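Colleague: I'd like to go through this fold with you and hear the reasoning behind the labels. Can you put it up on screen?

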Amino acid sequence: MTQIKTEIHALLPEIILLRRQLHQNPELSLEEYQTADCIEAHLDALSIPHRRVAPTGVVADLIVNPDYPTTAIRAEIDALPIADEKAVPYASRTPGVSHACGHDGITALTLGLARLLSAHRDALSTNIRFLFEPAEETGRGARLLIDGGALESPKPDQFIIFHFANSEPFGMEIQQEASTATVAGLKIEVTGSSGHWAESSLGNSAVSAAASLLCDIEGLNTTAVTQKPFIIGFGTISGGVKSNVIPDTCAMEGTLRAFTESDFDLLFSAIRRMAERTEKRTGTQIRVSLSHRTPAVINDPRLIQKGCAAGRAVFGSRCVLSSSPFLVGDNAGWYFKDIPGLRIVFFAAQDTAPNYPIHHPRFDFNEGIFGPALEMLYGMLLSF
């Protein structure tokens, strides 16, 4: 691997430059046209065939031998509607939009990996399908690529995804089973009847019923008995038109996250029963619904072994096999439902700057992680 390390070291300036260019020019979900153009230009330079899907996704194939299995590698490409508040030369030039989740780094590193694999295709025993996924942040990208045939002709035999985090120094982590949660948007709409608060008996406050129900539901976080951890939380509540008018409508939106489908269904059933009891107690009408339910990402045991072996060769004891999954969602769960997959988290805390969490206006990570992450991914792909 000495020669590979030398080549990786030579690639790093190009990867960092590309990451910073993407960071300066972020694009929101399904608006990633310039990003897709940039990706295709890099693939063209490597003579790797590619095609557009839906309409800003890019699917590319590095074919080593048609008889070999195929490994899919996903890179998200979209940014977030979050202003970039970092005081760095490569800060976003697009007002109100930034790569506050590391997708710029994932895309740049994946293109660097494509360059390395293309140069050493004779060492591979697997074909590679690169999926540059749009709209991951809205939970739509995976289904759009799947509907566009990204998992066909041929169907990949295994799947790899990875992320960057800055919560710990250089290292990596793989979860033993579930890596991310089953996630869905939770919406509750309450309907009462309007009137003047001076004659409160003639009206029925939807806000009061919603507030009571919200407290009951969030109480499940400490009382529900489930197989694994979960969270139910509400991010918005809105209702009413004026301070002296009894509100006849109120809507709450939140999230339900659980690591098993059975826990998720148990919790949602409990929420619906609470809504029914609140209806009877308050005389209101309550509608409970879910949106954008995304399955959990469950790591495959064989790929866990291969990932840990390649990780320990690079990171040593800083490669951790963890039993603590993340209560985040990733629409890659749709890929993993039919294909064995592995989710890897690379840690890259900054040494000389504060480390803000993902989706924070000042999120950033240590670009020094690119070298060891590239070496680990290359080593894992050689093991297939």
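What follows is a short back-and-forth on how each label is earned.

Modeller: Before you start, keep in mind that this is a predicted model.

Colleague: Fine. What makes the protein as compact as a globular protein of that length?

Modeller: Start with the inventory, 10 helices and 14 strands. The radius of gyration is 24 Å and the globule rule gives 21 Å for 384 residues, which is close, so the protein counts as being as compact as a globular protein of that length. Along the principal axes, the C-alpha trace spans about 80 × 40 × 40 Å.

Colleague: How do you know that strand β2 is mostly covered?

Modeller: Buried means under 20% relative accessible area, and five of the six residues in β2 (57–62) are buried. For the whole protein, 51% of the 384 residues count as buried.

Colleague: Why are β2 and β1 called paired strands?

Modeller: Pairing takes at least two bridges; β1 (residues 50–53) and β2 have four, so they pair, and they do it in the antiparallel sense. One detail to look up is R52, whose bridge partner in β2 is V58. The hairpin of these two strands has three residues between them, and A54 takes a positive phi near 55° there.

Colleague: What makes β4 a partner of β2?

Modeller: Again the cut-off is at least two bridges, and five join β2 to β4 (residues 127–133), so this is a pair too, running antiparallel. Across that pairing, A60 stands opposite F130 in β4.

Colleague: Now the sheet with the order β9-β11-β7-β12. Which are its edge strands, and what makes them edges?

Modeller: That is an open sheet of four strands with antiparallel pairing. β9 (230–239) and β12 (285–294) each pair on one side only, and that makes them the edge strands. On average, neighbouring strands of this sheet are turned by 20° against each other, direction ignored.

Colleague: How do you know that β9 and β11 pair?

Modeller: They share nine bridges, and at least two are needed, so they pair, in the antiparallel sense. Look at G239, for example: its bridge partner in β11 is C250.

Colleague: Which helices lie across β7, β9, β11 and β12?

Modeller: Helix α5 (residues 206–218) does, running at about 170° to β9. Helix α7 (residues 261–282) also lies across those strands, at about 165° to β12. Angles run from 0 to 180 degrees between N-to-C directions, so about 170° means that α5 and β9 point in nearly opposite directions.

Terms used. Residues are numbered from 1 along each chain as its sequence is written. This is a predicted model: local features need pLDDT of at least 70, side-chain atom pairs count only at pLDDT 80 or more; totals for chains, interfaces and linings use all residues. Side-chain values use heavy atoms; hydrogens and water are left out. Contact means heavy atoms within 4.5 Å. Buried means under 20% relative accessible area, exposed over 50%, partly exposed in between (1.4 Å probe, protein chains only). The radius of gyration is taken over C-alpha atoms; the globule rule is 2.2 Å times the number of residues to the power 0.38.
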